[in-house]
Amino acid sequence: MNATTSFRQAIVEVPLHSDNVLLRRMPPSVLHSVLSHGRHVHLTRDVSLYQEGRPIPAVYFPENAIITRDRTFANGQSVQIATVGREGILGLECVLGFDTSILTAACHTPGSAFRIAVEDFQLLFSKHIELQQACLHYSQGLINQLSVSRACSLEHSIEQRSALWLLLTSLRCDRNQFFLTQDSLAQILGVSRTRVSIATSKFARKELIKFSRGHITILDRDNLERTSCECFDTIAGMFAQGQPELRTPKQVFENLPQVQQSH
Ligand SMILES: [Zn+2]
């Protein structure tokens with residue numbers, strides 16, 4: 001089954017509601033207008049959404065899916081440049097003067113998203129100032145996020161960054177159990193799988209997490225947070241900036257279901 005086929009089969013229709021933070025900030029009339037022009041989809045793991053140098057077909061508002069933007073080199077190696085979760089939007093290029101994507105986009109963590117065809121989104125963007133403001137605000141937030149991530153990669157250890165990413169994934173998915181392979185985590189951090197495996201195995205020995213075939217469960221969030229770097233609070237704070245309805249990391253984690261530890 002190729003990516004296009006699996007994507008088509010994954011499309012589902014659900015009521016006019018979205019858990020994407022940007023959409024939830026919209027006034028009811030704008031939200032209704034936006035949601036009337038697209039549809040909810042379930043994104044399966046690794047499904048390809050954008051290809052380098054190809055036209056952008058649609059804009060996505062992730063809900064609990066996480067999408068990655070990658071750059072692939074001539075030798076086939078790829079590195080991750082950015083991720084988009086429910087705090088953001090995929091495809092802003094289409095209203096910033098770019099018709100094609102310079103990066104690939106693929107679903108990293110499976111989940112739901114709201115999809116709007118590019119032509120429809122461009123019309124909505126020109127019509128609703130609230131949507132324009134939210135998208136511009138997110139653009140700056142994304143630049144800030146990339147800046148902090150770059151600084152983090154230069155200064156903090158693989159162990160700290162692994163813990164940081166596990167926490168951010170949990171925060172974005174709004175759950176403490178999610179799918180994330182060690183290969184994916186290595187690609188996110190731009191390091192070898194071996195180095196990531198050393199860090200996550202250490203977390204497992206300390207019972208901070210458990211993992212099996214890509215399924216990660218956070219068992220001890222407080223200590224995992226202490227293992228991470230200061231960048232967790234910084235980036236999580238950026239997700240919440242100007243979005244009072246978005247719960248703080250502490251509120252999210254306090255409301256997650258308790259995990260039964262198996263010994
Ligand atoms: Zn850091």
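Which residue in β7 is the bridge partner of Arg39? In this predicted model, the bridge partner of Arg39 in β7 is Arg115. Arg39 belongs to strand β1, which spans residues 38-43 and pairs with β7 in the antiparallel sense over 6 bridges. A further strand, β3 (residues 58-62), is also paired with β7 in the antiparallel sense, here over 5 bridges. In that pairing, Tyr60 has Arg115 of β7 as its bridge partner. Arg115 is thus named as a bridge partner of Arg39 and of Tyr60. Strand β7 itself covers residues 111-117, and 6 of its 7 residues are buried, so β7 is largely enclosed by the rest of the structure.

For the protein as a whole, 11 helices and 10 strands were assigned. Of the 263 residues in the protein, 37% are buried. Contacts were also sorted by separation along the sequence. Among contacts between residues at least 6 apart in sequence, 75% join residues at least 24 apart.

An open sheet is formed by 4 strands in the order β2-β6-β4-β5, and the pairing is antiparallel. Its edge strands are β2, residues 48-50, and β5, residues 78-84, each of which pairs on one side only. Neighbouring strands of this sheet are turned against each other by 35 degrees on average, with direction ignored. At the β2 edge, the partner is strand β6 (residues 104-109), and the two strands pair in the antiparallel sense over 2 bridges. Within this pairing, Tyr50 stands opposite Ala105 in β6.

The packing of two helices was also examined. Two packed helices are described by the angle between their axes and the distance between the axes. Helix α7 (residues 182-189) packs with helix α8 (residues 193-205) at an angle of about 110 degrees, and their axes are 8 Å apart. Angles of 65 to 115 degrees count as roughly perpendicular, and α7 and α8 are therefore roughly perpendicular to each other. The crossing in which α7 passes α8 is right-handed. On the α7 side, the contact is made by Gln182, Asp183, Leu185, Ala186 and Leu189. On the α8 side, Arg193, Val196, Ser197 and Thr200 take part in the contact. Sorted by class, the contact of α7 with α8 has 4 nonpolar, 3 polar and 2 charged residues.

Conventions. Residues numbered from 1 in each chain as written. Predicted model: local features only at pLDDT ≥ 70, side-chain atom pairs only at ≥ 80, totals over all residues. Pairing = 2+ DSSP bridges. Axes fitted to C-alpha atoms, helices over the stretch in contact; angles between N-to-C directions. Parallel < 35°, antiparallel > 145°, perpendicular 65-115°, else oblique. Left-handed = near helix turned anticlockwise from the far one by under 90°. Contact = placed C-beta atoms within 7 Å. Nonpolar A, V, L, I, M, F, W, Y, C, P; charged D, E, K, R; others polar. Buried ≥ 20, exposed ≤ 12 C-beta atoms within 10 Å, placed from the backbone.
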